[in-house]
Amino acid sequence: MAFEPEQARQQELRNMLAHDCGSCHGLTLKGGLGPSLLPDALLNKPEQFLVQTILEGRKGTAMPPWKPFITEQEAVWLVQKLLK
Ligand code: HEC
């Protein structure tokens, strides 16, 4: 069974995606300062690489690390959401 955050936490993570991530990746995640996070754009990228990017950020770019705010399981869950 895949990990599912509790309902209230899912809502928090969705809000974070829209507001925090959306501030750079666009409110609809189709790109802005950061690249598009829509399924088309992420399809060929390894899942673990995307999870790592979210947790650790990318040095030398505007992408910050989210490790202080979300767990690895939550990052995996977010990537699953992004890919659908
Ligand atoms: C301050 C701006 C900013 C915020 C906020 C931000 N990102 Fe990013 N993100 C970027 C930039 C810029 C890149 C591209 C880095 C590069 O050039 O490799 C990126 C890259 C990524 C990638 C890799 C995309 C790819 O095609 O390889 C993922 C996944 C990602 N961000 C997810 C998130 C998520 C999820 C959040 C919110 C939790 C978030 N980002 C918040 C700026 C941001």
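A residue counts as near the ligand if one of its heavy atoms lies within 4 Å of it. With that in hand, here are some close-up views of this predicted model.

**View 1. The shell around the ligand.** Welcome to the binding site: 21 residues surround the ligand, and those that come nearest are Cys21, Cys24, His25, Arg58 and Met63. Sorted by class, the shell holds 14 nonpolar residues, four polar ones and three charged ones.

**View 2. The pocket and the helices that contribute to the shell.** The largest pocket is where the ligand sits. Two elements, α1 (7-25) and α3 (47-56), each supply two or more residues to the shell. Helix α1 gives the most, with five residues.

**View 3. Polar atoms facing the ligand.** Have a look at the side chains of Lys45 and Arg58 here. A polar side-chain atom of Lys45 is 2.5 Å from an oxygen atom of the ligand. For Arg58, an N or O atom of the side chain also lies 2.5 Å from a ligand oxygen atom.

**View 4. The iron site.** His25 (NE2) and Met63 (SD) coordinate the iron atom of the ligand at 2.0 to 2.2 Å. The site has six donor atoms and is octahedral, with angles of 86 to 179 degrees among them. His25 belongs to helix α1 and Met63 to the loop between α3 and α4 (72-83), so the pair ties together parts that are 38 residues apart in sequence. In addition, a side-chain N or O atom of His25 is 2.7 Å from a nitrogen atom of the ligand.

Conventions
Residues numbered from 1 in each chain as written. Predicted model: local features only at pLDDT ≥ 70, side-chain atom pairs only at ≥ 80, totals over all residues. Heavy atoms only, no water. Polar contact = N/O pair within 3.5 Å; in protein donor to acceptor, adjacent residues only side chain to side chain. 1 Å grid on protein atoms, 1.4 Å probe; cavity = no way out; pocket = protein on both sides within 12 Å on 5 of 7 lines; lining within 4 Å. Sits in = over half its atoms within 2 Å of the grid points. Helix = DSSP H or I, 4+ residues; strand = E, 2+ residues; numbered from the N terminus. Nonpolar A, V, L, I, M, F, W, Y, C, P; charged D, E, K, R; others polar. Donors = N, O, S within 2.8 Å, 3.2 Å for Na, K, Ca; no water. Tetrahedral: all angles 85-135°; square planar, octahedral: opposite > 155°, others 65-115°.
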